[in-house]
Amino acid sequence: MQKISIFIPVYRYSELLGASLKSLIRDPYKNKEIFVIIDEPTKKSLELAKEYGDKARFVLNGKRAGKVNALNEAVELSKGDILLFLDDDVKIPNPENFLARVADELQKADLVQFKQKTARKSFLAKIASYDDIGFNFVYFTFSKLLRKCPGVSGPAFAIRRKVFQEIGGFRRVIQDDFDIGIRAFLKGKKFKYVRNMEVLIDPPHSWKEWFKQRKRWGVGTAICIKNYYRQFLRIAIKYPQVLVPAMFFMFPTLTLFLLNCFVYSPLMENFLI
């Protein structure tokens, strides 16, 4: 039985952390270790650390170390053959034997992405759920056709330890999950999207949070494309049937942007406005 190291990064406090820890601790998979890395912990975070300190290892940083630094340092402390990364806003709806299935899926892959779905039912959540549809479509397409994918989604993915080390772990970029997926793709690592293992993502609670999140994603993605544009160009030339539809599905406004660039007209300008 391979050992699974689970990592949950938290900034200050997470309302879902207690429930996530209960699910993971109750999971019957025996060969596991849980790391909770908290930057600038609040009083409630410290209470959780005290409550679950005998079942999980808490790394408490008085100052903000940053997600990337915190995770890389926690990986160094871990001993698992499989590294499972979960955001602090993730729920596991069917926790029974979740970890055993993670280990099973990684027997034939180097990197595994789980299906993600927005948890709540508000109007804002429905808007945010478009991202889940886009991510799931892209991961399914690349997994099915290429068994490789230039990106992963940070809320819930697993990777073999030796692969994580080979590609250099997380790097200090805005879209650290996207970046690690690109490097795994360029190294030819096998990617698998698991449709029947679903995790629930707690969406932003306000429009301000939603806009801030989208801004971070947009800037991070732009920087990744800038850093890897030659590689993306080669991928587009070699696999146009996969990458081009994926790009338009993930970024639908590209269609309007390109039309405005190449088929410009006053009518098009009015429509865009």
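**Figure 1. Charged side chains across the predicted model.** The chain carries 46 positive and 28 negative side chains. Take the centre of each set, and the two points lie 3 Å apart. Please keep in mind while browsing these views that this is a predicted model.

**Figure 2. The surface of the chain and what lies beneath.** Here we look at the accessible surface, which comes to about 15,000 Å² for the chain. Carbon and sulfur atoms account for 56% of that area. Turning to the interior, buried residues make up 48% of the 273 residues.

**Figure 3. The overall fold and its dimensions.** Twelve helices and eight strands make up the secondary structure elements of the chain. The C-alpha trace spans about 65 × 40 × 35 Å along its principal axes. For 273 residues, a compact globule would have a radius of gyration near 19 Å, and the chain agrees because its own value is 19 Å. As for contacts between residues at least 6 apart in sequence, 76% of them join residues at least 24 apart.

**Figure 4. A close-up of Asp-87 and its neighbours.** Asp-87 sits in the loop that links strand E4 (82–86) to strand E5 (90–91). Is this loop residue, Asp-87, buried or exposed? Its relative accessibility is 19%, and the cut-off for buried is under 20%, so Asp-87 counts as buried. Leaving aside residues up to four places away in sequence, Asp-87 touches Ile-8, Lys-67, Gly-154 and Pro-155.

Technical notes. Residues numbered from 1 in each chain as written. Predicted model: local features only at pLDDT ≥ 70, side-chain atom pairs only at ≥ 80, totals over all residues. Heavy atoms only, no water. Helix = DSSP H or I, 4+ residues; strand = E, 2+ residues; numbered from the N terminus. Buried < 20%, exposed > 50% of the residue type's maximum accessible area, 1.4 Å probe, protein only. Contact = heavy atoms within 4.5 Å. Rg over C-alpha atoms; globule rule 2.2 N^0.38 Å. Areas by Shrake-Rupley, 256 points an atom, 1.4 Å probe, with all protein chains shown as cover. Lys, Arg positive; Asp, Glu negative; His and termini not counted. Charge placed at Lys NZ, Arg CZ, Asp CG, Glu CD.
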